[in-house]
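Here is a quick tour of a two-chain model, written for someone who would rather be at the bench. Have a look at it first, then read on.

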Amino acid sequence: MALLELRNVSKIYHLGGEEIRALDDVTLDIGIGEFCSIIGPSGSGKSTLMHILGCLDSPSKGTIKLDGTEIQKASTRELAGIRNRKIGFVFQFFNLLPKLNVVQNVELPMIYSGIGGRERRVRALKALEQVELSNRLKNRPSQLSGGQQQRVAIARALVNDPKIIFADEPTGNLDTHTGEIILALFRRLSQEGRTVILVTHNPEIAAVTPRRIEIRNGKIADKVDAKLAGLDRLPKAAGSAEPVTAPVVPSA
Amino acid sequence: MSLFNAIVVGLKEIWAHKFRSLLTMLGIILGVSSLIAMSALVEGMERGSREALIAVGGVEKVRIEAQPVPVEQRNLRDFATGVTLSDVYALQRSAPEVLTVSPEMRLEPQPTLSANGKVYRTWNIAGVWPVQAQIMEHTIEHGRMFTAYDDELARSVCVIGTGVRDGLFGSPEETGQDINPVGQTMNIGGSPFTIIGMFQHYESEQDRKIREVRLAEEAQKRALGLTNRVSGPKRSRGWNGNRGGSFAFRMKNNTVYLPLNSAWIKLRSGQTNLPPEPRLSEMEIKIRDISKLDLALTEIRNIMMVRHRGIEDFTLRTQEDWAEQINTFIHNARLSGGLIAGISLLVGGIGIMNIMLASISERIREIGIRKAVGAGGLDIFTQIVVESTVIAFVGGLTGLVTSYGLIHLIVSFTPTDNAPIITIGSMAFAFGASLIIGVLAGLIPALKAARMNVIQSLRYD
């Protein structure tokens with residue numbers, strides 16, 4: 001059973017009587033422990049897909065199952081709970097709370113899952129250790145470099161031990177070298193058994209992931225654009241992972 | 001999110017914007033302290049009025065006053081007997097609800113008092129029975145009250161209040177000593193009477209405190225040798241309005257009581273063209289039970305009407321009216337003051353709401369982040385409500401403290417006879433009201449924050 005199952009999912013916006021299909025009849029499965037990227041030009045609907053996958057938004061039509069739970073039926077409160085326990089987010093602009101220090105930022109999700117103060121501290125320290133930031137606990141986000149801030153954000157995403165980690169352009173605001181460190185971090189997480197989904201339009205990043213899902217005009221493209229997926233840049237030998245060219249057909 | 005966490009977050013938020021929070025709190029602080037100050041001032045007034053009421057006999061006292069025959073009974077004028085001692089005896093025998101009765105014969109016109117080479121005029125000289133002292137709540141300080149025997153023999157004795165002593169023999173403030181006039185002779189309208197007793201000095205709690213402080217200061221000055229003893233005799237500087245405190249106490253202190261028979265025989269019969277019957281001016285009656293006041297009044301009235309053959313040449317006067325007036329006045333003062341203070345508290349609440357709205361719109365992104373990592377609408381709602389409540393809580397506590405200063409400030413502007421009294425009840429009420437207002441002020445901003453769309457707030461700059 002796949003971790004995420006999307007069946008005929010559509011997201012329709014109405015703008016002044018005009019119907020805009022940001023997602024159009026998307027059917028998609030993502031399994032446990034997969035490391036995949038969602039690619040596509042801007043305006044293609046990849047952000048919408050990520051919002052729906054990440055339970056930030058609910059679809060207009062279709063069904064989604066996350067870890068066996070029907071998402072489209074869940075109330076906003078249940079969605080918040082699912083985001084809290086099963087999903088970790090990493091954003092392009094880090095989205096740390098500037099008034100809180102590093103540890104407090106990492107503790108934030110646990111506050112909403114009702115974990116006691118002492119355990120919060122222990123788990124936050126552990127998560128920060130995983131991203132190798134144990135030496136900057138008391139700093140404010142503004143006192144950290146971009147790479148460090150993104151690592152704090154990753155620690156925050158990890159701290160509730162979620163099954164899925166979403167990253168929306170995680171390296172978009174970082175230089176190449178720092179970006180590579182962050183990507184290596186994601187790869188490690190994926191190897192540890194977590195499902196990691198990267199949303200990007202950067203071919204170099206897409207090239208790193210074994211599976212690439214391309215969105216074009218709200219639909220999943222049958223054939224991944226090689227240029228967009230960064231496949232042309234890879235030496236043949238390095239393209240170890242088979243490019244996934246079609247959505248996995250759900251096993252009924 | 002637990003409530004404790006929410007409170008901690010709220011406190012941090014307030015601490016992060018110290019000046020802004022302080023300004024916001026100021027509204028609540030002023031509201032709470034003005035509410036308490038108002039209540040304390042009214043409470044003081046109420047205490048003062050009640051003291052005065054008790055000083056003149058309390059609510060159990062009923063007074064029968066002689067009055068001219070009403071217009072519609074003018075043709076029966078010649079049959080009108082007036083209030084007499086026979087009425088007193090009749091009430092004593094026939095009215096079970098009446099505890100004690102004392103006849104009172106005020107001397108009209110009020111004679112001049114003279115003693116010690118001084119002259120004093122007062123307005124409360126009356127011939128009474130000894131029991132009058134109890135009805136009017138008098139306490140003897142020096143000497144004794146005259147007895148029924150003194151009355152029987154119409155002895156030339158009298159008992160005076162401190163006001164009369166001050167006028168004739170000098171007050172403690174002027175002479176520096178508490179002069180005991182017992183044994184002195186005082187002329188009442190030219191007839192010599194021996195002062196056999198003096199009542200204690202009556203004053204409100206407030207006046208007593210002020211006097212004690214002044215006495216202590218003077219004693220200290222004397223000890224340091226600072227008094228100027230060669231400044232000559234004290235001059236009158238015109239009407240000394242504040243002497244003796246409020247009217248009720250001043251009246252009580254200016255009492256001169258003589259035995260009823262002495263007043264009648266020695267003073268009143270000396271005046272011409274009066275009928276032989278000793279007409280009384282009033283009767284003071286103490287009733288048995290205040291809860292049966294209506295019954296007692298009916299009894300008294302019925303007996304009096306029978307005795308006076310239906311001619312209404314008397315009137316019943318209760319202190320209930322006075323007590324009711326006090327209640328109405330206090331009620332009104334409390335209502336109007338409370339309304340104004342309540343409005344200022346409300347304005348404080350609106351200030352909080354305003355700031356909370358501003359605060360959430362500058363924290364849209366933060367709210368989005370919190371929601372993205374799993375905060376539900378309820379968590380955000382709680383956080384905002386707690387923040388506004390914490391502002392109101394801290395403001396309310398500060399208000400409790402500053403109310404003290406505010407009261408002192410008000411009193412220094414407008415000195416009153418009645419010291420303000422801060423009650424626990426008013427403090428609890430004001431504090432509770434500020435908390436409720438804090439919660440209410442947080443509701444709308446909290447609802448707004450809780451309903452924010454996650455994606456839009458995450459994208460907000």
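How much area do chain B and chain A bury between them? About 1,900 Å², with 60% of it on carbon and sulfur atoms. Keep in mind that this is a predicted model.

## Where the chains meet

On the chain B side, 24 residues are in contact with 22 residues of chain A. Three names are worth jotting down: Ile369(B), Val373(B) and Ile455(B) supply 29% of the area that chain B buries against chain A, and no other three residues give more.

As for charge pairing, there are two salt bridges between chain B and chain A. One of them joins Lys99(A) to Glu366(B), with the closest N and O atoms 3.5 Å apart. Five residue pairs are also in polar contact across the two chains, counting those with both residues at pLDDT 80 or more.

## What chain B brings to the contact

Which elements give two or more residues to the side of chain B that touches chain A? They are α1 (3-16), α13 (364-372), α14 (377-413) and α16 (454-459) of chain B. Of these, α13(B) gives the most, with six residues.

Sort that side of chain B by residue type and you get 10 nonpolar, nine charged and five polar residues.

## An aromatic pair in chain B

Over all chains, the structure holds five aromatic pairs. Take Tyr89(B) and Trp129(B): their ring centres are 5.9 Å apart and their planes sit at 40°, so the pair counts as tilted.

This pair links distant parts of the chain, 40 residues apart. Tyr89(B) belongs to helix α3 (residues 85-94) of chain B, while Trp129(B) lies in the loop between β5 (124-128) and α4 (132-135) of chain B.

## How far to trust it

Chain B averages a pLDDT of 84, and 92% of its residues score at least 70. Among the elements of chain B, strand β7 (residues 157-160) has the highest mean pLDDT, at 94, and helix α7 (residues 172-175) the lowest, at 76.

Chain A averages 82, with 89% of its residues scoring at least 70. Where does the pLDDT of chain A fall below 50? That happens over residues 236-252 of chain A, a stretch that has 22 contacts in the model beyond near neighbours in sequence.

Conventions:
Residues numbered from 1 in each chain as written. Chains lettered and ligands numbered in written order. Predicted model: local features only at pLDDT ≥ 70, side-chain atom pairs only at ≥ 80, totals over all residues. Heavy atoms only, no water. pLDDT = per-residue confidence, 0-100. Helix = DSSP H or I, 4+ residues; strand = E, 2+ residues; numbered from the N terminus. Contact = heavy atoms within 4.5 Å. Buried area = accessible area lost by both parts, 1.4 Å probe. Salt bridge = Lys/Arg side-chain N within 4 Å of Asp/Glu carboxyl O. Polar contact = N/O pair within 3.5 Å; in protein donor to acceptor, adjacent residues only side chain to side chain. Nonpolar A, V, L, I, M, F, W, Y, C, P; charged D, E, K, R; others polar. Phe/Tyr/Trp six-rings, centres within 6.5 Å; stacked < 30°, edge-to-face > 60°.
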